[in-house]
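Trainee: Please pick a single part of this protein and go through it closely. I would like the packing around it described, with the cut-offs given.

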Amino acid sequence: MASDPGTQSRVMFQTVDKAEEPAHRKLGKLTVKYNRKDLQRRLDIEEWIDGQLHLLFDCEEEEIPELEIDIDELLELTDEGQRSRLQELLQECGKPKEDFINGLLYRMKGLRKMSGPLKK
């Protein structure tokens, strides 16, 4: 198959206009840097925390005192720092808190901080 030098074939590529890209594809890129398993584990821990707070305060969700347990904040602390921070957050609770604190610290083992990009 000899080709005549004067009649060379050309390959042309069409560029896709970024403005035409569907919005749903752009949203999907946001979670790519996080491992799906880590996200699910974190969600499971947050749901466990919510359920345990209902039991600790023995009331409905609307009646639970304004309390925010920040998992990322806890991950930055030492084990003893995590324990004391949780005791500080739960000081208004009249029930014993040790089972909750031990359970949360156990569930958090191996969890990575998610506010920044994950390191490979």
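Mentor: A residue counts as buried under 20% relative accessible area, as exposed over 50% and as partly exposed in between (1.4 Å probe, protein chains only). The model is predicted, so local features need pLDDT of at least 70 and side-chain atom pairs pLDDT 80 or more, while totals for chains, interfaces and linings use all residues. Numbering starts from 1 along each chain as its sequence is written, and side-chain values use heavy atoms, without hydrogens or water.

The part I choose is helix 5, residues 98–108. First, its setting. The protein has 5 helices and 0 strands (DSSP runs numbered from the N terminus: H or I of at least four residues, E of at least two). The order of elements from the N terminus is α-α-α-α-α. Of the 120 residues, 26% are buried. Among contacts (heavy atoms within 4.5 Å) between residues at least 6 apart in sequence, 64% join residues at least 24 apart.

The buried residues in helix 5 are Phe100, Ile101, Gly103, Leu104, Leu105 and Met108. They pack against helix 2 (36–57), helix 3 (71–75) and helix 4.

Take helix 2 to begin with. Helix 2 and helix 5 pack at about 180 degrees with axes 11 Å apart; axes are fitted to C-alpha atoms, for helices over the stretch in contact, and angles run from 0 to 180 degrees between N-to-C directions. The pair is therefore roughly antiparallel (over 145 degrees; under 35 is roughly parallel, 65 to 115 roughly perpendicular, the rest oblique). Helix 2 contributes Arg41, Ile45, Trp48, Ile49, Gln52, Leu53 and Leu56 to the contact, and helix 5 contributes Phe100, Gly103, Leu104, Arg107 and Met108. By class, these are 8 nonpolar, 2 polar and 2 charged residues, where Ala, Val, Leu, Ile, Met, Phe, Trp, Tyr, Cys and Pro are nonpolar, Asp, Glu, Lys and Arg charged, and the others, Gly among them, polar.

Helix 4 (residues 79–89) meets helix 5 at about 135 degrees, with the axes 10 Å apart. That angle makes helix 4 oblique to helix 5. On the helix 4 side the contact involves Gln82, Arg83, Leu86 and Gln87; on the helix 5 side it involves Glu98, Ile101, Asn102, Leu104, Leu105 and Met108. This contact divides into 5 nonpolar, 3 polar and 2 charged residues. Leu104 and Met108 of helix 5 take part in both contacts.

The loop that leads into helix 5 from helix 4 holds Leu90. Leu90 is buried, at 0% relative accessible area. Beyond its neighbours within four places in sequence, Leu90 touches Leu53, Leu56, Phe57, Leu67, Lys97, Phe100 and Ile101. Two of those, Phe100 and Ile101, are among the buried residues of helix 5. Leu56 is 34 residues from Leu90 in sequence, yet their C-alpha atoms are 9.3 Å apart.

Glu68, in the loop between helix 2 and helix 3, gives a contrast in burial: it is exposed, with 60% relative accessible area. Its C-alpha lies 8.0 Å from that of Leu89, at a separation of 21 residues in sequence.

Just after helix 5, Gly110 has a positive phi of about 85 degrees. Further along, Leu111, Arg112 and Met114 are in contact with Asp38, leaving aside the neighbours of Asp38 within four places in sequence. Asp38 belongs to helix 2 and, at 14% relative accessibility, counts as buried.
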